[in-house]
Amino acid sequence: MKALSNLAQSVRASTTLAIDTQFNKMRSEGIDVIGFSVGQPDFPTPEHIKQAGIRAIQENLTKYTPTPGTPAVRKAVADRLDADWGLDYTPEEIVVSGGGKPILYVALKTLIDPGDEVILPAPYWVSYYELIKMVGGVPVVVTTTEENGFNLTPEQLQAAITPKTKALMLNSPSNPTGMIYSREHLEDIAKVCLDNDLYVIADEMYSKLVFDNKEFVSFPTLSKEIKARTILVGGASKTYAMTGWRIGFAAASKEIVQVMSNYLSHSLSGTCSIAQAAATEAFSGSQDEIEVMRQAFETRRNYLYERMSAIPGVHPVRPEATFYMLMNLDQLIGKTLYGDVIHDADDFARVFLREGLVAVVPCTGFGAPNYVRWSFAVSMENIKEGMDRLEKFLKNA
């Protein structure tokens, strides 16, 4: 038989798969393991949103929809972006698909030809690297530092640009770091992008989960010029606890949205009609429950940070947003824990699960091999127990 596609075979499985597989196996065997890897709110979808989905079924809104989304959901997204950030997009400049990953993939397909380079600040969300490869692009990883808040500097960006550079992948608030870019910092980044004719994919999926009354600045708000070359990516999953509904969107120029729609029309086609009806209500209806969830995440963030800060051998990175916290392992790298040498986050996560009965995400696949990621989208009870287990694990090693 002829070989499978070289490009397809080059795409790696998620680096978190081994830990998830072992975690699920242990749990199925009745072992008392606790998981902190989940990347979704532990709250139910708000009732008024669920009812909108139920009404869609009862009213037989179960047929094909236009590829870029129903007129109602595209308008709801445009109106929400205006209400939240003052962004002036028309419904024709919005495209909806089945989650953030499909939107990111199609955005990259729209911009990138084989061999084009995409600058990717690290730490990065694990799928960015593979998505860039999947469209034939070349990920150019630029490592940021904890000391700089894991923010890409304008100097780093400029130094990474070559004649093949086509786009910058910008994630604020960031998964996995939980950090956001300040307005001044974004303005400096935008100037470099404009000076070098770069597109920007701005993933702002966590924009409503910001703590400490910090200002969140949506990248395309900086200027008309930067808005014209930005594909803004968002969705309903994190903000409205709708991960299973699978709704992601992009906002961009009509030309870009049309090309994305054309590509979708021959691949994923339209998005689930019922999910779109629920998302329309999410974006246009009451936003009160967002703040309830945000406050709960901030309370959990505070507790997790305080507890982890008091545990010798590790230190946390205080997130400004999202529901993720990085834990720095520098003091443990090279040491032996329970008979295993800890070379990187993969080793730590494996031993911590086996001996401490806690699952965390190793960030080797996120471009941060000396960090693990904790999700605090779990109950306070589990957070307290997880910290107890971490303390015991390190004390008895």
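## Cores, charge and unusual backbone

Ser 269 is partly exposed, with a relative accessible area of 31%, where partly exposed lies between buried, under 20%, and exposed, over 50% (1.4 Å probe, protein chains only). This is a predicted model, in which local features need pLDDT of at least 70 and side-chain atom pairs count only at pLDDT 80 or more, whereas totals for chains, interfaces and linings use all residues. Residues are numbered from 1 along each chain as its sequence is written, and side-chain values use heavy atoms, with hydrogens and water left out.

Ser 269 has a positive phi of about 65 degrees although it is not a glycine, and Ala 241 likewise has a positive phi, of about 55 degrees. Ala 241, however, is buried, with a relative accessible area of 7%. Most residues other than glycine have a negative phi, and most peptide bonds are trans. Two cis bonds are listed here.

| Cis peptide bond | Omega |
|---|---|
| Ala 122 to Pro 123 | about 5 degrees |
| Ser 172 to Pro 173 | near -5 degrees |

The largest nonpolar core (buried Ala, Val, Leu, Ile, Met, Phe, Trp, Tyr and Cys residues joined through side-chain atoms within 4.5 Å) has 82 residues, of which Phe 348, Trp 374 and Leu 390 touch the most other members. Apart from that core lies another, of 23 residues, including Ala 76 and Met 242.

Phe 36 is buried, with a relative accessible area of 1%, and its C-alpha atom is separated by 7.2 Å from that of Val 378, although the two are 342 residues apart along the chain.
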